[in-house]
Structure formats: C-alpha cells, structure tokens
Amino acid sequence: MASYVYTQLQATPGDLRLVLLQPGGYHDDLRCNILHYPLLEPKILFKDERLPVKDVQKSLPDGWTVEQTLDGRYLFMSPRHSGIPNSWKHPDAGYDPKSYELPVYAVSDSFEWHVPPYDALSYSWGTAGDEEYIHITDSADTQNPPAWLKIRQNLAAALRHLRYPDQPRTLWVDAICINQADIEERGRQVKRMGQIYPLSQKVIIWLGPESEDSKHALETLEYFSQQVEYIISHRWGDAPGAQEPDWWRDGVALPYDEKTWNSILSLLHRPWFERVWVLQEALSCDRVVLQCGRDTISWVHVRKALLVLRQKAGILPLNIRDRLFAYARGLMAPPLASSEHLFLWTRNQKCSDPRDKVYGILGLLDPNIVAKIEVDYSTPAWKTYSQLVLAEMEAYQKLNMINHCNMMTRLEGFPSWVPNLERPIEGANTGYLSIRRFYASARSSAVARLVEPDNHLQVTARRVSTISRVSQDLTGTFVQVFQVIRNWAPKDPGSSMYVSGGLSMDAYVEVLVRGRTSDRALSDNPCPSIRRLRELLTSALASTQVGDDVARAFKDCFFASECLFATADGYVGVSAIGVREGDQVAIILGCDFPIVIRPRGSDRYEVVGPCFVHGLMLGEALKPPLDPPWRDALPVTKGWALPYFINTETGELLKSDPRLGSLPPGWEEVASSDPFLPPFVFQNKADGRISVNDPRMSADAIRQRGIELETLVLV
C-alpha cells in the first residue's frame, strides 16, 4: 500500500479536508476517508435575544449587580456582605425571565451547516518515533487509491477512543487534514483556525489515556466548579445552589489530601497543558469537552475551576500554585485579559516552531492585529515577532509589545526593540505587565516608524533620568533578600522626601510590591496600603528579624533575576537584571511602562527592558503635576484599571483628567463593548473613528504644555 498523496486544497472557496473515521473496535486498524468541502459560515437559526447586561442592571435593587459568566449566563450577585447567595434568577420574581435567561438549544437546532457537522480535535502531537499507520480509503478519489498515512501514537490513541463501533465519525484533525509538508498550505490553514474550530459542532480536548489518578482529578475539578462562578469582569463568587458556598473565598481551605492535590498536578502536567497551539482551540467556542481516556468533563468547568483555584494562592500547595500561576494567565484570554497577558503566557509554553509563539494564538488576538500579520513559515522568527510590534503600532498607535523586550532574552544580532517570545519570562517584575494598571505614557499615541533597511524603529519619547546606582542581582522572597532591601532603604524613613513628592519610604515600598497596594482603588482591595507597608517596613528595619506580619504584607514582594536601581535625580525602580549605570529611563509615547534604554551613538539607543519606577507609572512625565486635593485613582472595570481622579476633600470622582481640559472639537468619550478595547474609548463624531488614546495626549498637545519630546532611534 502506497503513502497517501494529498489532493491540493482550493484556496478560493475556502476548501478544507475532513476525516471520515471508519467504525471499529479498539484494537482494529485505523481507517478513514479524507474528503474535501468548502468551509462556509453556517446559517444561524438561534439568536440570543436577551437584554444586554447593562439594561438588566438598571432593573436591579441597590447593591445588586448582574454579570455574564464564562458560559454566557447572567449571574445575579447579591450586595457585598449581605449573605444572600448569588442566583440565576432576578431578585424581582416578576421580572420577565426571557430578558435574561439563556435558552438551551441543541447545537443541531442552532445552526444550519453547509458542510457535514464535524468535531474538531485539540491534542498534543507528542514526540516523533514509534508512529503507526492510518489507512486512507478514498474509493471515490481515482487519483488516490487506498493508501496509508503515518500518525503519532497520541493521535492514534485519541482516534481509537473517539471512533464509533457501528458508524463513521466526521472529524477535523490537523495532522491529517493539513498537508504538513506543504509550507504554503500550512500558512493558509493557520490563518483559518479562527473559523475551523468555532464552526465545529464540538471541540474535543484529548489529554491522553486514563491513568489511575486522572478520574479522581476530573471528579474533583467538576465538583469544585459546581461550587464557584467566574464572570468576565474578572470577579468570582459562590455558584447558585452551591453546597460549599464559601469555597470561592481566597482564605478558605479546601478539604483535599495530598493524593487529591497530586492528581490535579499530574493532570496539569499532561503534555496538552504545556503546548501553545491548544489554547485557542479550547477557547474557540462554548462547545468544548475535555476527555481523558473515556472520562469527559465540560471545558468551561475546568477553566472556571482553575481560575478560581488560582486566586487561593495562600492555601495552595506550592507546586500547585506555581503551575496554576503560570498556566491560568492563558485562561484569562479576552475579555478577561489583554494580548500582552497572552504573550506572557505563550512564552512559557512549548511548540516545535518558534513562529508558533505568535501563530498559535492568532485566534485569540484582536482581529485588527491579526489582519496585519502574515503567516509565513519561511520567514525568520524575529521577523514574525517584529510584525507584532508594527501591527500594534499601525492598528492602535501603541507600542506595548516593547514591554516584552529584555536584555537577558535578546535575539542575538537582531533589533533590540523586537521581543524574543521564544524564551521564557525573565524576572518576576514581568508579572505587572499582565495587569492593565499603569499608564506611564498617559494614553498617548505612538509616533513611530520603521527605518529600513537597518530595521531600526524611530520613536518619539521623553528621556527622564539616568541610572546612577544598581543593586546586586536579586532572586528570592522578601525575607530572603531582606538584607539588600535594608541596604537600599531610605536612611531617614520618617522625613526623607522623594523626587516627585511624598516620603521616599512610600516610594520605596511601592517599588518593592510593584504598585500592588490599595491606595488607588475605589472599592475593597485585599492589598495593604502604602502607609501600612511603610509602617511595617520601618519596624522591620529597626529589628533584627522579619516578623510574620511583615512577611505576610510583603508576600507579593519577590524577585527573580531582578535588581533595584536609582537614578541621578532620585527616582527608584526595579527591573530585570541587565541594567547598568549610565542607562537611561525613557517614556516612549504609546508605551504604558517606562523603558530602560542604553545609548549607542548619536540618538541611537538599545532597549534594555521595561521597569517599574515610582513617580513615572501614571503619566507624570508627560503631564503637569496633579495639584491637591486631586489624586489618581485606578478602579478596575472589566479587567482594565482606567485612570480616574478623585478629590480627597469632597470625594468627587472624575473620569477626565482635570489637567488636560476639554476634548478637542468633534471628539467624545464613549463606552465600548469590544473585548479587545478598554471599556471607554474616544470616538470622532464626524467620521466614527475609534481611538484607545486620548486626543489630548498627542505629541503636539504634549509639547504645547511645555514637555520636551525627542526623536530616538531604537537599534
């Protein structure tokens, strides 16, 4: 029997291949047909006719909120501390349920497919070697008589578990449905993943054969998921009817023994959870099941359980906590998190081709970004990564992908402004990059262009200060590195003043915890205040040992290949190692974090990496000082911490910066429902143009306020 020869896919009608898996017993040979069909959008027979969440919210009594859960239902959340359980029912029994209840329809009743309904398989390819054959029996194809195709063991095991004993089953399986030897076809099909998985009638996540502890892990996650709910504005609480209504709380311990925790850890270390490609497949639609051997569980239940477990860091075994923190970042894909969040995740995942660090999550990225990325497996990986920087710049006049650059992970011989997504994260400080909490460039628009053929990036920026002192390399918890923290603390904590105002000790503690304080929140926040941190650190400096209360308050203060630094004019910051004396701190328009740059000749600079600097994180370098009694506030709305301003004397709250005056004629701030954009954006009333940047923070407007900007070339 000959090796199978693929018939070329037709590009124009959106041709795709489907596998018709032939019936058989578990140990029978694997046989299938490979058929071609045009992939067309199905006709939607079911339309969600519920009222929008914002309209339902208007009908609720004071203190109640309604939010959408991961599976699309509306959850009515009772007033905080009321003790009333959350509910799927409106608190007003007379309110029409059709306005908020999600009708249950069978998939076959919801769509009218133009191709045979198929299930899409999400799995880990596994390693090469010890493959087996699947027999292709395309009797209708005269060009391809019966032939065979080599597949890897993990896929073979999946197909044996998935095939029916008495009828064929239609599947889409990438290793069979894409001619892997055809680079051009691979590139075209990768771009279509955003259609192939969502248009399937079901996505099956195959974790592998059952083991002695996998059933226990799935049952544990299933039961835990029934006790908790997670909503898309990044909050969590008790599930309606929960038998354990307090399990969602951060500090409530779970009655799990070592065997149970180890079963969950073993599940999370299955190869599927380590790969890049599979996440966009799992999050492609709401018809996803996870299968291990013959056992299945709804994927949304797994996702919900892991997201809530991640919040219980204080009571989790250390190995579980570390694995969840690394992985759950990906589960917070839009609308829960940003693209930057996803790239922090993808850098710690595995793939055989470094370009797949981008291509493997295209289905989760903003379509405006995806449209500007060319899938081409013949191009160098650094070119693929540079496309991300340029795509963000073109689509939104932002340069936040530069935040992923790092001296320690530099792509040798290539531009310093191109992040190396192939390498894992260096430095614990990168954790704050995934939180949309800071606006160093004050929602300004990037002014940048690519300078060819040198592949330099010309940007507009303000150089703020020169680094004059750098600590030793730090790795460890607050307690483990306390001697360095002691040496770097202000010598007179009660009176020493910081360069941008306030006590130097206040600036220092905020740098240590990277801004994780309650000071700028407008609602309950579990983080301690700057004042509390200052008091605790001052007492610890005066003592011979670090007390438990200090260690608890600074539990988020840990270092991983990082260093503290100070500038010549008194700023204090933290960054990944690689920073040295003479480097400069710059605020690049359109980039939300300060960037450390290194002079490389006249107006030429090398990117060292992002940093956290007290006094530069909220646009202070690009705007006049904020006069008392006003101060910055950053309430979190749908996962975004947007800049607000509060009058500390009257309590008045402004969404518009009082320093900037009115918006230019023709512009207004409007609400946005786009999951890839902030909840509030700016719209031009004349042409309908949307901008995530404040029109009052253009380069010209900044200069008119007396702020000096420069043109820098990043090499």
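This briefing walks through some sheets, helices and buried cores of the structure above. The model is a predicted one. One feature to look for early is an open sheet of ten strands with mixed pairing. Another is a nonpolar core of 137 residues, the largest in the model.

**The ten-strand sheet**

- Reading across this open sheet, the strands come in the order S1-S10-S9-S3-S2-S11-S8-S12-S15-S16.
- The edges are held by strand S1 (2-3) and strand S16 (295-298); each has a single partner strand, so one side of each has no neighbour in the sheet.
- Inside the sheet, strand S9 (residues 132-136) and strand S10 (residues 147-151) run antiparallel and are joined by five bridges.
- To find one of the paired positions, start at Tyr-133, whose bridge partner in S10 is Lys-150.

**Helices on the sheet**

- Helix H3 (residues 153-162) lies across several strands, among them strand S2 (15-21), strand S3 (30-38), strand S8 (119-123) and strand S11 (169-172).
- H3 also lies across strand S12 (202-208), to which it runs at about 120°.
- Helix H10 packs on the sheet too, where it touches S12, S15 and S16.
- The direction of H10 makes about 70° with that of S16.

**Where H7 meets H10**

- Two packed helices are described by the angle between their axes and the distance between the axes.
- For helix H7 (residues 214-225) and helix H10 (residues 299-310), the angle is about 75° and the axes are 8 Å apart.
- H7 and H10 are therefore roughly perpendicular to each other.
- On the H7 side, the contact is made by Leu-221, Glu-222, Phe-224 and Ser-225.
- H10 contributes His-301, Val-302, Lys-304, Ala-305, Leu-306, Val-308 and Leu-309.
- Sorted by character, the residues of this contact are seven nonpolar, two polar and two charged.

**A hairpin of S13 and S14**

- Strand S13 (residues 228-231) and strand S14 (residues 235-238) pair in the antiparallel sense, with four bridges between them.
- Together S13 and S14 form a hairpin with three residues between them, and His-234 in the turn has a positive phi of about 65°.
- Tyr-230 has Trp-236 as its bridge partner in S14.
- In a regular strand the side chains alternate between the two faces of the sheet.
- In S13, Val-228 and Tyr-230 point one way while Glu-229 and Ile-231 point the other way, and all are buried.

**A three-strand sheet**

- A further open sheet has three strands in the order S25-S28-S29, with antiparallel pairing.
- Strand S25 (630-633) and strand S29 (653-654) are its edges, each with a single partner strand, so one side of each is left without a neighbour in the sheet.
- S25 is joined to strand S28 (residues 644-647) by four bridges, and Trp-630 has Asn-647 as its bridge partner in S28.

**Buried interior**

- In soluble globular proteins, nonpolar side chains tend to be buried together.
- In the largest nonpolar core, the residues that touch the most other members are Trp-172, Trp-299, Leu-399, Leu-457 and Leu-714.
- Helix H15 (residues 381-396) supplies the largest share of this core, nine residues.
- Beyond its neighbours within four places in sequence, Leu-714 has contacts including Ile-402, Trp-417, His-456, Leu-457 and Tyr-605.
- Another core of 60 residues lies apart from the largest one, and includes Phe-438, Val-484, Met-505 and Leu-660.

**A buried acidic residue: Asp-506**

- Asp-506 is found in helix H17 (residues 504-512).
- Its relative accessibility is 17%, so Asp-506 counts as buried.
- Not counting residues up to four places away in sequence, Asp-506 touches Ile-530 and Arg-534.

Note on methods
Residues numbered from 1 in each chain as written. Predicted model: local features only at pLDDT ≥ 70, side-chain atom pairs only at ≥ 80, totals over all residues. Heavy atoms only, no water. Axes fitted to C-alpha atoms, helices over the stretch in contact; angles between N-to-C directions. Helix = DSSP H or I, 4+ residues; strand = E, 2+ residues; numbered from the N terminus. Parallel < 35°, antiparallel > 145°, perpendicular 65-115°, else oblique. Contact = heavy atoms within 4.5 Å. Nonpolar A, V, L, I, M, F, W, Y, C, P; charged D, E, K, R; others polar. Pairing = 2+ DSSP bridges. Buried < 20%, exposed > 50% of the residue type's maximum accessible area, 1.4 Å probe, protein only. Core = buried A, V, L, I, M, F, W, Y, C linked by side-chain atoms within 4.5 Å.
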